[in-house]
Amino acid sequence: MKSLLDKVAIVTGAAHPMGMGFAAALKLAQAGAKVILTDLGRNEQELKVLEQRANEIRELDGNAIAIAVDITQRSQIDRCVEKVIEQYGKIDILFNNAGSPIGCGEFLNMTDQQWDISYQVNVKGTVDFCQAVIPVMIEKGGGSIINNASLSGLAVVEKMAAYTATKFAVVGLTKALACEFGRNNIRVNSVCPGNIWTQMGQIEAELLQKDGQSIADVKADMSAKVPLGRCGVSADVANAVVYLASDMSSYISGVAMPVAGGMAPGL
Ligand SMILES: NC(=O)c1ccc[n+]([C@@H]2O[C@H](COP(=O)([O-])OP(=O)(O)OC[C@H]3O[C@@H](n4cnc5c(N)ncnc54)[C@H](O)[C@@H]3O)[C@@H](O)[C@H]2O)c1
């Protein structure tokens, strides 16, 4: 029996083929959920890429549609929620995955724009999606929200001040909402990925790159620091998302779960 049969799940930031959003959308669909993949979709090319991801899931017999949503635009979030309710009548699962790495870099060189975008995407976008979806979940008797924070939401990595501050905020928001909406049967948890080899993971790797070092060398260095001996892949995080979305985690709420190959916060 599929663990998420007939559940309706929205995933943000799901356009990139290597990303955690798409990996989670695919695994949610394979577990039986009807999945709504969302991402920016600012032009024809971005819309085509997002639609392509939904197509890939449908080709594997999954149930998926694509809706363009810039999570910094509350009106776009509201329109998406309305469309999903029109089409499916409920929302059981929300994976707030979209995020921006723009807040990585040296603190003294960090611009207002880096702070503003980090806040708008990583924090406010997650806040707004929760605020739009929670009333629907309350009305329908509950749901599961999973926020993609980061190991940087639990511990400090050098030269990532704005990213770190906003990911700590995501963990705090997760705990606050878990507390406030537990009685509505809504569970709210975070996943805290470590070094995951995605498009964004590679941007972070470039920051660590020393003169003359190739990206493959940086990846090898990063892998050596992970107790399980490798950088993660998006599917590692997607498995945790499916678990937190399903009844297998029925008594788990307010948790910030490292998905980091044994890397422990503070080490
Ligand atoms: N890669 C890592 O090592 C790592 C580690 C910890 C946490 N994370 C977090 O995981 C999440 C997914 O990242 P990923 O590594 O899969 O990279 P990714 O680039 O594939 O995913 C991020 C997605 O967010 C989307 N996005 C950005 N701004 C948006 C906006 N305003 N509205 C809608 N969508 C927007 C991007 O288009 C992109 O598709 C992010 O929240 C990131 O901070 C990544």
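**View 1. Residues around the ligand in the predicted model.** The ligand is surrounded by 27 residues. Those that come nearest are Met20, Asp39, Asn97, Tyr163 and Thr198. Sorted by class, the shell around the ligand holds eleven nonpolar, twelve polar and four charged residues.

**View 2. Polar atoms of Asn97, Asn148 and Thr198 beside oxygen atoms of the ligand.** For Asn97, a backbone N or O atom lies 2.8 Å from an oxygen atom of the ligand. Asn148 places a polar side-chain atom 3.0 Å from a ligand oxygen atom. In the case of Thr198, a polar side-chain atom and an oxygen atom of the ligand are 2.5 Å apart. The ligand taken alone exposes 810 Å², and the protein buries 92% of that area.

**View 3. Helices that contribute to the shell around the ligand.** Two or more residues of the shell come from each of the elements α5 (161-181) and α6 (199-208). The largest share, four residues, is given by α6.

**View 4. Helix α3 and its buried residues.** Helix α3 comprises 15 residues, 74-88. At 1.5 Å a residue, α3 should span 21 Å, and this agrees with its end C-alpha atoms, which are 21 Å apart. Buried in α3 are Ile77, Cys80, Val81, Val84 and Tyr88. These residues lie on the same side of α3, because they cover an arc of only 95° around the axis. In general, an α-helix has 3.6 residues a turn, so residues three or four places apart point the same way.

Methods:
Residues numbered from 1 in each chain as written. Predicted model: local features only at pLDDT ≥ 70, side-chain atom pairs only at ≥ 80, totals over all residues. Heavy atoms only, no water. Near = heavy atom within 4 Å. Polar contact = N/O pair within 3.5 Å; in protein donor to acceptor, adjacent residues only side chain to side chain. Areas by Shrake-Rupley, 256 points an atom, 1.4 Å probe, with all protein chains shown as cover. Nonpolar A, V, L, I, M, F, W, Y, C, P; charged D, E, K, R; others polar. Expected span 1.5 Å × (residues − 1). Buried < 20%, exposed > 50% of the residue type's maximum accessible area, 1.4 Å probe, protein only. Arc of directions from axis to C-beta.
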